[in-house]
Amino acid sequence: MFQILMAGLVVEIRNRYSYVEKQCKDWVCLQTEHADIVAEASEEEILREQTRARFAPSLELCESICIYRAIARELTAFSAFVMHGAAVELDGQAYVFIAKSGVGKTTHTKLWIKCFPDRAAYINGDKPVMRWQGDRLFAYGTPWMGKEGYGCSGFAPVKAICMLERGEENQIERADDAVIVSRLFHQVLLPEEASEMELFMEMMDRMVREIPFYVLKCNISDEAAQLACRVMSRDGVGEYAEV
Amino acid sequence: MKVKEGFMMRKVGDQIVVVAMGQAAKQFHGMMNLNETGAFVWELLKQETSEENVLEAMMENYGIDRERAKKGLDSFLDKLRTVGVLEE
């Protein structure tokens, strides 16, 4: 058993295997009496996870996956949730990229790191925690960083959320709510409990209303990252498209 | 007829969505998008009612004739049946 500080929360992890503890080593904090969240995966859940996966992951990896899911389910009460996406920090602000798997979140965000070497860094390349703190939404790093392992224990306020698509040319525009809603719910884990759903939907609504969302059609070029960065880092929320 | 227990309808941005909670979430994953008429009918279907009652309410609320109301209602009910949220 050990405790980590993640997304500003003390999370106690009651593990069976050592893998998850190694994975969390940069997040481990001094033991406190009171943990905000206690996460544990039963043998049964771990085995079920192993059966479900297409490749046969080790039990210790399955435990880690189950534990992150258990944490995700507890986040609602803290105005937070896990989002499947890649969060990159640039000049102190977070840009979160979401897309269907295979579209190229990692490919595109790696271009940001390459194009803005002294300014951009991964917060989390796969499943950052998003948390409302006061009147701002923050993206937080977590020990669960996907197979690439891109990320850190930092965090930044979210400037924009970008929905990626592949395109011949690079083009970015503001997304309307219908497009946002049709895609957003594929990238979040809905709570099971009725009591939490109201809070959760409140967070989704607030995010859609307050955070600018964009659709970026892009190819794999430095120009794609430069265009996305130029448009999304602007202040003010005018309606515009740029090619 | 009525919609099953365990669903929540609410606005997200300018969109109206329905999500499943608790037991209902085991059969219905993700969310369903409703237009304004869909939301109006959904409200009516929260309590046991008949197709006739819903049609009359639609005709009165939107000032449309029976034929148009029925066409809209049929396609909406089909949608609800497809995802299995209607109790008949």
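Reader: How many residues does the contact take from chain B and how many from chain A?

Author: The model is a predicted one. Two residues count as in contact here if their C-beta atoms, placed from the backbone, lie within 7 Å. On that basis the contact takes 15 residues from chain B and 16 residues from chain A.

Reader: Which element gives the largest share of the side of chain B that touches chain A?

Author: Three strands of chain B each supply at least two residues of that side: β2 (7-12), β3 (15-20) and β4 (31-34). By class, the side of chain B that touches chain A has seven nonpolar, five polar and three charged residues. The largest share, four residues, comes from β2(B).

Reader: How many bridges join β2(B) to β3(B)?

Author: β2(B) and β3(B) form a hairpin with two residues between them. In the turn, B:G13 has a positive phi of about 60°. The two strands run antiparallel, and the number of bridges that join them is six.

Reader: Which residue in β3(B) is the bridge partner of B:M8?

Author: β2(B) covers residues 7-12 of chain B, and its bridges to β3(B) are those of an antiparallel pair. In β3(B), the bridge partner of B:M8 is B:V19.

Reader: In what order do the elements of chain B run from the N terminus on?

Author: Chain B has four helices and five strands. From the N terminus on, the order is β-β-β-α-β-α-α-α-β.

Reader: What radius of gyration does chain B have, set against that of a compact globule?

Author: The C-alpha atoms of chain B fill a box of roughly 40 × 30 × 20 Å along the principal axes. Of its 88 residues, 23% count as buried. A compact globule with 88 residues would have a radius of gyration near 12 Å, and chain B agrees with that at 13 Å.

Reader: Why is chain A as compact as a globular protein of that length?

Author: Chain A holds seven helices and 13 strands. For 243 residues the globule rule gives 18 Å, so chain A is as compact as a globular protein of that length, because its radius of gyration is close to that value, at 18 Å.

Reader: What share of the contacts in chain A with a separation of 6 or more comes from residues 24 or more positions apart?

Author: The C-alpha atoms of chain A fill a box of roughly 50 × 35 × 35 Å along the principal axes. Of the 243 residues, 40% count as buried. Among contacts with a separation of 6 or more, residues 24 or more positions apart account for 67%.

Reader: Which element gives the most to the side of domain 1 of chain A that touches domain 2 of chain A?

Author: The domain assignment of chain A gives domain 1 (2-78) and domain 2 (81-242), with C-alpha centres 24 Å apart. 14 residues of domain 1 are in contact with 14 residues of domain 2. On the domain 1 side, β1 (2-6) and α3 (59-74) of chain A give two or more residues. The most, three residues, comes from α3(A).

Reader: Which residues of α3(A) are buried?

Author: α3(A) has 16 residues and reaches 23 Å from its first C-alpha to its last, close to the 22 Å expected at 1.5 Å a residue. What covers its buried residues includes β2 (9-14), α1 (19-23), β3 (37-40), α2 (43-52) and β4 (80-82) of chain A. The buried residues are A:C62, A:E63, A:S64, A:C66, A:I67, A:Y68, A:I71 and A:A72.

Key. Residues are numbered from 1 along each chain as its sequence is written. Chains are lettered from A and ligands numbered from 1 in the order in which they are written. This is a predicted model: local features need pLDDT of at least 70, side-chain atom pairs count only at pLDDT 80 or more; totals for chains, interfaces and linings use all residues. The radius of gyration is taken over C-alpha atoms; the globule rule is 2.2 Å times the number of residues to the power 0.38. A residue is buried if 20 or more other C-beta atoms lie within 10 Å of its own, exposed if 12 or fewer, and partly exposed in between; C-beta atoms are placed from the backbone. Domain bounds come from an automatic or database domain assignment. Ala, Val, Leu, Ile, Met, Phe, Trp, Tyr, Cys and Pro count as nonpolar, Asp, Glu, Lys and Arg as charged, and the others, Gly among them, as polar. The expected span of a helix is 1.5 Å times one less than its number of residues. Two strands pair if DSSP finds at least two bridges between them.
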